[in-house]
Amino acid sequence: MLALLGGFLLVVVGSPGYLKCDMDDASETHEESLGEEAFDTVNSSIVSGESVRFFVHVNLQVQPSQAAESELPDGCGLLHTSRKYLKLKNFEEEIRAHRDLDGFLDRASIILNETATSLDDVLRAMLLRLVHKPDNTESDCNLDLLMAVLFTDAGTPMEGKVHLLSDTIQGVTATVTGVQYQQSWLCIICTSKSLLKRHVCISRLVRPQNWGENCCEVRFVILVLAPPKMKSTKTATEVGRTFATMFLDITFRQKLLKTRTEEEFKEALVHQRQLLTMMDQGLTPSLKHYSISSICIPKSHQPLQQKDFFPVGKGIREDFARRFPVYPLDFTDGIIGKNKAVGKFITTTLFLYFACLLPTIAFGSLNDEITYGAIVIRGICDDYDLDFNTFYAWTGLWNSFFLTLYALFNFSLIMSLFKRSTEEIIALFISMTFVLDAVKGIVKIFQKYYGTSHGNHNADHISVLSLLGLGTSLNTSFHTALNTSLLANPPELTSVSSRSAEHSSRETAVLSLLIMLGTLWLSYTLYQFKKSPYLHPYMREILSDCALPISVLTFSIISSYGFQEINMSKFRYNPSERLFKIAEMQSLSLGAIGSAMGLGFLLSMLFFIEQNLVAALANAPENRLVKGTAYHWDLLLIAIINTGLSLFGMPWIHAAYPHSPLHVRALAVVEERVENGHIYETIVNVWETRLTTLGASILVGFSLLLLPLPLQWIPKPVLYGLFLYIALTSIDANQLFERMALLLKDQASYPPTHYIRRVPQRKIHYFTGLQVLQLLLLCAFGMSPLPYMKMIFPLIMMAMIPIRYKLLPRIIEAKYLDAMDAEH
C-alpha cells in the first residue's frame with residue numbers, strides 16, 4: 001500500500017559509510033548545488049518498497065584471523081548487514097512518544113550551526129555538548145569509548161579508512177522501482193554500559209555534507225544514547241523512532257532550517273508533535289502524504305437501541321445464513337484436499353475427550369463428597385419435601401424457556417458491552433475455581449487420612465455449599481456430563497460409621513499430594529515440550545497435544561500398581577441409579593413450579609453469560625477464525641438440547657471454559673516470533689472442524705461402558721492435578737494475569753505489548769488493581785457459603801457492565817481504558 005501511495009518510510013540502516021581518503025573503487029559523488037533539499041532522496045533498489053516503513057539496519061564487521069589476513073588482499077574483510085522494519089511512532093496512542101520529547105525539551109542539547117564537515121567531528125562535538133551540560137550525571141563517561149561504540153570498524157584491516165555506523169535510522173520512500181532514501185537527516189542510536197540514563201542531541205549543520213551512499217546531503221544529525229538495560233518502550237531504538245517519525249516530514253525539516261534560536265527550534269518540535277497527535281480528519285495534506293495513517297482512532301462504541309433487538313429471530317436467521325454455506329467444510333477441511341491434518345485432529349480429539357471426561361469425574365466426585373451422594377438442588381427438594389427429578393426438570397425447562405427468549409430477541413448483542421478486561425476477569429475467576437476445587441479435594445484427603453479426627457460432616461453446611469452447584473465450582477453443575485452415573489449411594493445406603501472406619505494413613509495423604517503435583521508437572525512439561533529443541537517438530541507437537549492423557553495414564557498406573565499397598569482415594573460408582581427416567585411433571589404444585597421458574601431464570605442468566613463469554617473468547621481476533629460466529633443460533637440449540645436433558649434428569653450443557661479456548665488452541669497452527677528481544681506466540685490459522693468435538697462426544701458416551709473399571713482406577717489426586725493443569729494453561733494469554741505479573745518484574749523485562757506502549761505505567765497498575773477488586777467481588781459472591789449471595793451471582797456478573805462504563809472512567813481516562821481493552 002505504501003508503495004502505491006508513495007508514502008515515506010523510516011529505515012534503521014546499517015551505517016552509511018564514508019571515506020576519509022579516495023579509494024580506487026569509491027564511487028564519485030555529485031556536488032552540484034541544487035538547493036538544500038534537492039538531493040533529499042536518492043534511488044536505491046536494495047529492498048522492496050512494499051514491505052518497509054522503518055528499517056533497523058545493523059552492520060557487524062567480522063574480524064578475520066591473523067592467518068587469514070595474510071592470505072587475503074589488503075583491505076578485504078566480511079561485513080554483515082541486516083535491515084529491520086520499524087513502525088512509525090503513533091503520537092495519538094503511544095504515550096512514550098510525548099514523554100521522549102518532553103524529556104528532551106527539559107534538558108535540550110541542540111547545536112544549531114555546526115561547522116564541522118566530517119562525521120567524526122560532528123559526533124564528537126555532540127558528545128562534548130552532552131558531557132558539558134550543567135545537569136550531566138555521566139561523570140565517568142569516556143568520549144573515546146563512546147566514539148568507538150558508535151562505529152564498527154575498530155580493529156579491522158581497513159582501520160582509519162572507512163567508518164561504518166553500527167546502528168542508524170533513516171527515512172525512505174517506497175516506490176514501484178525500489179526505495180528512495182531521505183538524504184537530509186540521519187538518526188544514530190547507540191547503547192553503552194557506561195551510561196546511566198538516556199541522552200538525545202540534535203545537530204543542525206551549516207551546510208549539507210556528503211558522507212557516502214544514502215547520506216549525500218545531510219543537514220540534521222540526531223544522536224540517541226541509552227543504557228542497554230531499559231524498559232522495552234525506553235530503549236535507544238524507541239527514542240530514536242520518536243524523533244525519526246518527526247523528522248520524516250520534509251515541511252518540518254524546512255521549518256527547522258529557518259529557526260534562529262534554541263527556543264524557536266523547541267517550538268517547532270512542539271508544533272510538530274501537535275500535528276502528529278491530531279485525528280485523521282485533522283491531518284494536514286503534508287502529513288497525509290507522509291503516511292501517518294498508522295495513527296489509529298479508536299472506534300466509538302455505538303449504544304444498543306431497542307430496534308436492535310427486533311425483528312424477532314433476526315439474529316438466528318443471520319447466524320444460520322452465515323454458517324450454513326460453510327457447514328459441509330466443517331467436516332471436510334483437513335480431511336479432503338491437499339492440506340490434511342488428520343494427525344492433529346486425532347490428538348485434539350483425545351485431548352478434548354480427556355479434558356471433558358476427567359473433570360466430569362472429578363466434579364461428580366466432589367459433588368458426591370459434599371452432598372453425600374446427592375446431586376445439585378437435592379438439598380432444596382429435601383428441605384421442602386419436593387420430588388427431586390420433577391423439580392429438576394421444571395427448573396431445566398424454565399431455564400431453556402428463558403434461553404429461547406434470549407435467542408429470539410437477540411439478547412446476545414448485550415455481550416458486546418462486555419469489554420475484553422471484563423471477559424478476562426470472569427475467565428480468571430473460573431480458572432481460580434479449578435484451583436480451589438483441587439485445593440479443597442487434597443485438603444479433604446489430608447483431613448481424612450493425615451488428621452486424627454474423623455466424623456460426620458455438617459449436613460446443613462453441605463446443603464448450603466451444594467446450592468446452585470456453586471459450592472465446589474462455578475462450573476460444577478455444568479461440566480458434569482456423567483455426574484448422575486458417578487453418584488455414590490445416597491445417605492441412607494451408606495452409614496456414617498462405615499465412613500469413619502476407614503484406615504487413617506499418612507502415607508495416603510502424602511502420596512496423594514505427590515501424585516497431584518506430579519500430574520501437574522508432567523502434563524505442563526509435555527505441554528511446553530513443543531518449545532524444546534529435542535526430537536522432531538512433529539513429535540514435539542504430538543507430545544504437546546497429548547500432554548493431558550499421557551500424564552493422567554502415567555500417574556494412574558504409578559498410583560495403582562506402584563503403590564498397591566497404599567489405599568488411594570477413588571471416586572465411587574452407584575450402578576443402581578437409572579440414567580433415563582422421565583420426570584413426572586404433574587406432581588409439583590403451582591407454588592413449586594413458580595419457585596422452579598425463579599431458579600431457572602437465575603440459571604438462564606448464568607448460562608447466557610458463560611455461553612456467550614466462552615464463545616467470545618474462542619472467537620477472539622487473535623485466534624483468526626474465518627467462518628463466522630453464531631451466538632444466537634448456538635444459544636437456541638443449547639435451549640433445545642437442555643430441554644430433553646431436563647426431562648430425563650440429565651446434567652445440562654453449555655460452552656465450557658477453559659475447554660473451548662483450549663480446544664481452539666489445540667487446532668491452531670502456532671508460530672513463535674521475536675519483538676525487541678521478547679518471544680511471543682501468534683496463531684497463523686486454525687483448523688475449524690466439527691470432527692474433533694463429535695469424536696470426543698462419542699468417546700465420552702462410550703465411557704459409560706468403562707464404569708466402574710477401568711475408570712475407577714484413576715485416583716482422585718490425578719483428577720486434582722488435572723484441575724491445576726487446566727487452570728495453569730488457561731491463564732497463558734490472560735492479560736489480567738500478565739499485568740499482575742508486571743508488579744513483580746523489572747521494567748527492563750516488560751514485554752512490548754500495546755498497552756505498555758499506549759498507557760502510562762502507573763495507569764496500568766491502577767487498572768490492574770481495579771480489576772483485582774472486581775475479581776474479589778466475584779469471588780465473594782460466587783464462592784460464598786451463603787445461599788442467597790450465590791443466587792444473585794449472575795446479577796453481580798451483569799453489574800460489571802456499568803462498573804466498566806460508568807465507574808472506571810471516573811478513575812482512569814477513557815482513552816487509556818480503551819487502549820487496555822484493545823486486542824493489540
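In this predicted model, the contact between helices α10 and α24 brings Gly315, Ile316, Asp319 and Phe320 of α10 against Tyr631, His632, Trp633 and Leu636 of α24. Sorted by class, the residues of this contact comprise five nonpolar, two polar and one charged. Two packed helices are described by the angle between their axes and the distance between the axes. For α10 (residues 314-323) and α24 (residues 631-647), the angle is about 105 degrees and the axes lie 7 Å apart. The two helices are therefore roughly perpendicular, since angles of 65 to 115 degrees fall in that class.

A further helix, α23, covers residues 590-618. Its 29 residues span 41 Å from the first C-alpha to the last, close to the 42 Å expected at 1.5 Å a residue. How many residues of α23 are buried? The number is 22 of the 29, so α23 is largely enclosed by the rest of the structure.

Two individual residues illustrate particular settings in the chain. Ser203 belongs to strand β11 (residues 199-209), whereas Asp387 sits in the loop between α13 (378-383) and α14 (388-408). Their accessibilities are set out below.

| Residue | Location | Relative accessible area | Class |
|---|---|---|---|
| Ser203 | strand β11 (residues 199-209) | 0% | buried |
| Asp387 | loop between α13 (378-383) and α14 (388-408) | 39% | partly exposed |

Ser203 counts as buried because its relative accessible area is 0%, and buried means under 20%. Leaving aside residues up to four places away in sequence, Ser203 touches Ile111, Glu114, Val122, Met126, Arg219, Phe220 and Val221.

Asp387, with a relative accessible area of 39%, is partly exposed. With residues up to four places away in sequence again left out, Asp387 is in contact with Cys381, Ser587 and Leu588. How far apart are Asp387 and Ser587 in sequence and in space? They are separated by 200 residues in sequence, and their C-alpha atoms are 7.7 Å apart.

The chain as a whole can be described in similar terms. It contains 33 helices and 14 strands. Of its 824 residues, 52% are buried. The area exposed by the chain is about 37800 Å², of which carbon and sulfur atoms supply 60%. Among contacts between residues at least 6 apart in sequence, 80% join residues at least 24 apart. The contact of Asp387 with Ser587 is one between residues 200 apart in sequence.

Key:
Residues numbered from 1 in each chain as written. Predicted model: local features only at pLDDT ≥ 70, side-chain atom pairs only at ≥ 80, totals over all residues. Heavy atoms only, no water. Axes fitted to C-alpha atoms, helices over the stretch in contact; angles between N-to-C directions. Helix = DSSP H or I, 4+ residues; strand = E, 2+ residues; numbered from the N terminus. Parallel < 35°, antiparallel > 145°, perpendicular 65-115°, else oblique. Contact = heavy atoms within 4.5 Å. Nonpolar A, V, L, I, M, F, W, Y, C, P; charged D, E, K, R; others polar. Expected span 1.5 Å × (residues − 1). Buried < 20%, exposed > 50% of the residue type's maximum accessible area, 1.4 Å probe, protein only. Areas by Shrake-Rupley, 256 points an atom, 1.4 Å probe, with all protein chains shown as cover.
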